[in-house]
Amino acid sequence: MSLVSLDSSVQANINQWLNGNYDEKSKQYIRQLIEEEKYTELTDSFYKDLEFGTGGIRGIMGVGSNRINKYTLGMATQGLSNYLLQLYPDQEIKVAIAHDCRNDSDTFARLVAEVFSANGIYVYFFNGLRPTPELSFAIRELGCKSGVMITASHNPKEYNGYKAYGEDGGQLTGPHDVNVMAEVDKINSVDEIKFAPQEDKIETIGKEMDEQYLAALLKLSISRDAIKRQHDLPIVFSPIHGTGGVMVPPALEQFGFTNVHLVKEQMVVDGNFPTVIYPNPEEKEALTMAMDQAKAKGAELVMATDPDADRVGIAVRNNDGEFILLNGNQTAALLINYVMTAWEESGKLTGKEYVIKTIVTSYLIDKMAESKGIECFNTLTGFKWIGKIMTELEGKKTFLAGGEESYGLLVGEHARDKDAVISCAMIAEMAAFYKDQGRSIYDALLDIYVEYGCYKEKLIAITKKGKSGAEEIAALMDKYRKDPPLVLGGSQVTTIMDYASSTAHHVADGSTAPIDLPSSNVLQFFTEDGSIISARPSGTEPKIKFYCSVNAPLNDKSQFPNVEQELDTKLDIIMKDLGV
């Protein structure tokens, strides 16, 4: 067998697997790839070790150091165990573990539980698939020091992942994420992974935690009287074969909704996601079955969650009675505005309330919060940063709601991760609230645009797979830094925010100012007319993402189609200016 076509580092990783204490099936698969000279696949599988990104570890399932498998998850868990034992010496350490519907998620979750227990760590292990936010809640409720969710969120079926949590129920942030990976890097051999479980340290949890979680969600309801009057609001819900099917229907029932139709075919738990191309509620195709059922049932609201139920996509009827999909920015603006308004109208605001969003999420939210005297924080992309601010302000201020343009929202302080279960319940409540006033969610959106300006956002994601793809993405970001665009959409660029160097560059006078956020590989271009364009390589996928936001006044709702068309044209021009 010849490995002459492979880099030396790739060869070294392959040799480690062929000669190490790995199972024979994996070794045979590697030998077969070598014999068939599948060097591209070998390179992609072994050119690096999986690393924590904005959402933990995520990758394609398979054999290799750059794949999700027993050994890469075992090393991650051993590294996390080692770190926890150092961080909490002479203390009983407890962790909670859950998993989604993906192929092998249950097997991987059990493996993670066994490695933790083998290290003397007590494990609360969910007895079946559960939403990510319920794990976050359980960590806090059970006094755990950490937790792990086995999921790849909305990625294609080939993927799986590992989300690590801290004792606050939030995803790991610095320095803990870096320290855990440093511990993983210290593991030189799979022989150092403790695979032999201590079964007496693994406790199964389920129904009781479900009940506690649902009870915590119900406390967040604001417009109970409106729901009582509009309880038969027709709703269609789909979990897209995932964990949302476990908790969203009981949450809606508990809130008081009596006319909820479930997409039967997509209530079936299946990691192959047979009824969709991708299990991503951001994609129209993923909501097709739900919208078809909604049309047949005369429903007014469609909601669909991703496999681990931390994101939700919705569709509502416009003024012509046609269903339209709302994007993540629109849903976030609507829900956060509803929560702020409901608190305001009920006299609950004390001046200590706040909301949070990410820097690539619509600045319409900042504008609405400012008008109500509510503080709005901006964070880096990734809900872990939202959770971190919540923990820092716990007991000092009151978190109302937060979100990001990628369809992740949270209402209330019960969890430290995005929660599609409470989001579905509160979106339904919002629909009932507006219907009680003779309005629809669509009406409410247009009213927001008239009051604050019509905002339009567009996301372009370009996929660049493998090692060569990663190099292309790095080269593109380097180009934007060395030769940045000075005009976008016919408007002068006034400020360039480089989050990697934590520096804001003011184009007119050449001055700079510091950015008070952790370093991150993100560039933002602010133009004279209020447009904001962000370029960001994904931390969990082989993609570079471009986020573009434009806005214009909307004097009357009847003008919305024309203004929207003008903004769409402007977005297209900006993307061309960027060479995208």
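In the predicted model, Asp419 touches Pro133, Tyr213, Leu217, Ala309, Asp310, Leu409, Leu410 and His414, when residues up to four places away in sequence are not counted. Asp419 belongs to the loop that runs between strand 15 (408-411) and helix 16 (420-435). Although Asp419 is buried, this residue has no salt bridge, and the nearest side chain of opposite charge, that of Arg416, is 10 Å away. A polar contact is nevertheless made by the side chain of Asp419, with the side chain of His414 as its partner at 2.8 Å.

A second buried polar residue is Ser491, which is placed in strand 18 (residues 491-498) and counts as buried because its relative accessibility is 6%, where the cut-off for burial is under 20%. The side chain of Ser491 reaches two backbone nitrogens, that of Glu528 at 3.3 Å and that of Asp529 at 3.1 Å. Once neighbours within four places in sequence are left aside, the residues in contact with Ser491 are Leu486, Thr527, Glu528 and Asp529.

Leu486 also takes part in a nonpolar surface patch of about 220 Å², which is made together with Val487 and Val507. Of these residues, Val507 lies in the loop between strand 19 (503-506) and strand 20 (512-514), and its relative accessibility of 35% is why Val507 counts as partly exposed.

Backbone geometry was examined next. Most residues other than glycine have a negative phi, and most peptide bonds are trans. Against this background, His241, which is not a glycine, has a positive phi of about 75°; His241 is found in the loop between strand 7 (235-238) and helix 10 (244-255), and counts as buried because its relative accessibility is 1%. A positive phi, near 55°, also occurs at Ser502, again a residue other than glycine, and Ser502 is placed in the loop between strand 18 and strand 19. In addition, Gly174 and Pro175 are joined by a cis peptide bond with an omega of about 5°, Pro175 being located in the loop between strand 5 (159-165) and helix 7 (176-186).

Finally, Tyr122, which is placed in strand 3 (residues 122-126), touches Glu92, Ile93, Lys94, Val95, Asp200, Lys201 and Glu203, with residues up to four places away in sequence not counted. The C-alpha atom of Tyr122 is separated by 52 Å from that of Pro484, the two residues being 362 residues apart along the chain.

How values were computed:
Residues are numbered from 1 along each chain as its sequence is written. This is a predicted model: local features need pLDDT of at least 70, side-chain atom pairs count only at pLDDT 80 or more; totals for chains, interfaces and linings use all residues. Side-chain values use heavy atoms; hydrogens and water are left out. Patches are made of residues with over 30% relative accessible area and no salt bridge: like charges are joined within 9 Å, nonpolar side chains (Val, Leu, Ile, Met, Phe, Trp, Tyr) within 5 Å. Accessible areas come from the Shrake-Rupley method with a 1.4 Å probe; for residues, only the protein chains shown count as cover. A salt bridge is a side-chain nitrogen of Lys or Arg within 4 Å of a carboxyl oxygen of Asp or Glu. Helices (H or I, at least four residues) and strands (E, at least two) are DSSP runs, numbered from the N terminus. Buried means under 20% relative accessible area, exposed over 50%, partly exposed in between (1.4 Å probe, protein chains only). Lys and Arg count as positive and Asp and Glu as negative; His and the chain ends are not counted. A polar contact is a pair of N or O atoms within 3.5 Å; within protein, one must be able to donate a hydrogen and the other to accept it, and residues adjacent in sequence count only if both atoms are side-chain atoms. Contact means heavy atoms within 4.5 Å.
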